[in-house]
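Grab a coffee and open the viewer. Here are a few short exercises to work through, each with a solution you can check by eye.

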Amino acid sequence: TGFVVGTNAVAIFDAPISPAEAEQVRAVIERTAPGRRITHVVASHTHRDHIAGLPAYLESGATVLTGKGGGIALRRQFENLPATAIEEVSTLRTLDLGDTKVILYPLASSHAAEMLVSYAPASRTLFQGDLFYLPEVGSTPATFEGGEELSRLIVANHLDVIDIVGVHGRSGGPAELADAIRLRRTSYR
């Protein structure tokens with residue numbers, strides 16, 4: 001789980017594994033930003049390994065942001081999830097956390113139609129789920145189509161990215177993404 005802290009609020013990105021894991025993340029956020037409320041949980045997409053911890057955040061009144069069509073998938077997986085706790089994002093949206101902004105980009109991805117990519121301009125950090133993967137150790141592997149989609153989104157929106165944070169594996173940057181795309185393209189030749 002990644003998170004961005006503003007003077008008024010905190011936004012988190014994905015809620016993987018379980019409510020117990022999410023409670024540990026909440027404790028880290030409380031130590032990092034005491035007294036600031038988690039207002040939004042941005043679900044990169046609605047696959048279970050990215051949202052299983054949602055109940056821990058919903059208890060505190062956070063709103064789940066998902067791409068278009070993601071609300072149905074969330075309600076299927078969480079019977080007690082009130083419709084008022086979900087907002088579908090179908091166009092570019094900016095979250096104002098108080099002197100810090102996060103921009104959400106909907107992306108109809110080959111991995112998930114309801115994909116959201118988040119960008120924090122102040123830190124030049126991009127948050128994504130399953131579009132680009134780097135193993136915890138070792139060299140950069142060839143990307144799947146999602147890496148190409150992510151690269152096109154970055155270029156089309158002129159995003160000045162330094163860090164690309166994912167849910168699985170280690171974080172990387174534009175150079176690793178470019179390497180992964182190059183490896184993909186050369187493996188198809």
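The exercises below start with the whole chain and then zoom in on a few strands and one loop residue. Keep in mind that this is a predicted model.

**Exercise 1. How many helices and strands does the protein chain have, and how does its radius of gyration fit the globule rule?**

Step 1: Count the elements, and you get six helices and ten strands in the protein chain.
Step 2: Take the radius of gyration, which is 16 Å, and set it beside the 16 Å that the globule rule gives for 189 residues. The two values are close, so the chain is as compact as a globular protein of that length.
Step 3: For the overall dimensions, the C-alpha trace spans about 50 × 35 × 30 Å along its principal axes.
Step 4: Now look at cover and contacts. Of the 189 residues, 48% count as buried. Take the contacts between residues at least 6 apart in sequence: 59% of them join residues at least 24 apart.

**Exercise 2. Work out what the protein chain shows on its surface and how its charges are placed.**

Step 1: The exposed area comes to about 9100 Å², and carbon and sulfur atoms supply 52% of it.
Step 2: Tally the charged side chains: 17 are positive and 21 are negative.
Step 3: Find the centre of each set, and the two centres turn out to lie 4 Å apart.

**Exercise 3. Which strands pair with β7, and in what sense?**

Step 1: Start with β6 (residues 93-96), which runs antiparallel to β7 and is joined to it by four bridges. One pair to find on screen is R93 with its bridge partner in β7, L104.
Step 2: Check the turn of this hairpin. Four residues sit between the strands β6 and β7, and G98 takes a positive phi near 90 degrees.
Step 3: Move to β8 (residues 115-120), which pairs with β7 over five bridges, also in the antiparallel sense. Here L107 stands opposite M115 in β8.
Step 4: Finish with the cover on β7 (residues 101-107): five of its seven residues are buried, so count this strand as mostly covered.

**Exercise 4. Is T84 buried or exposed, and where does it sit?**

Step 1: Place the residue first: T84 is in the loop between α4 (70-77) and β5 (86-89).
Step 2: Apply the cut-off, which calls a residue exposed over 50% relative accessible area. T84 has 72% relative accessibility, so it counts as exposed.
Step 3: Add one distance. T63 is 21 residues away from T84 along the chain, and their C-alpha atoms are separated by 8.0 Å.

Note on methods. Residues are numbered from 1 along each chain as its sequence is written. This is a predicted model: local features need pLDDT of at least 70, side-chain atom pairs count only at pLDDT 80 or more; totals for chains, interfaces and linings use all residues. Side-chain values use heavy atoms; hydrogens and water are left out. Helices (H or I, at least four residues) and strands (E, at least two) are DSSP runs, numbered from the N terminus. Buried means under 20% relative accessible area, exposed over 50%, partly exposed in between (1.4 Å probe, protein chains only). Two strands pair if DSSP finds at least two bridges between them. The radius of gyration is taken over C-alpha atoms; the globule rule is 2.2 Å times the number of residues to the power 0.38. Contact means heavy atoms within 4.5 Å. Accessible areas come from the Shrake-Rupley method with a 1.4 Å probe; for residues, only the protein chains shown count as cover. Lys and Arg count as positive and Asp and Glu as negative; His and the chain ends are not counted. The place of a charge is taken as NZ of Lys, CZ of Arg, CG of Asp or CD of Glu.
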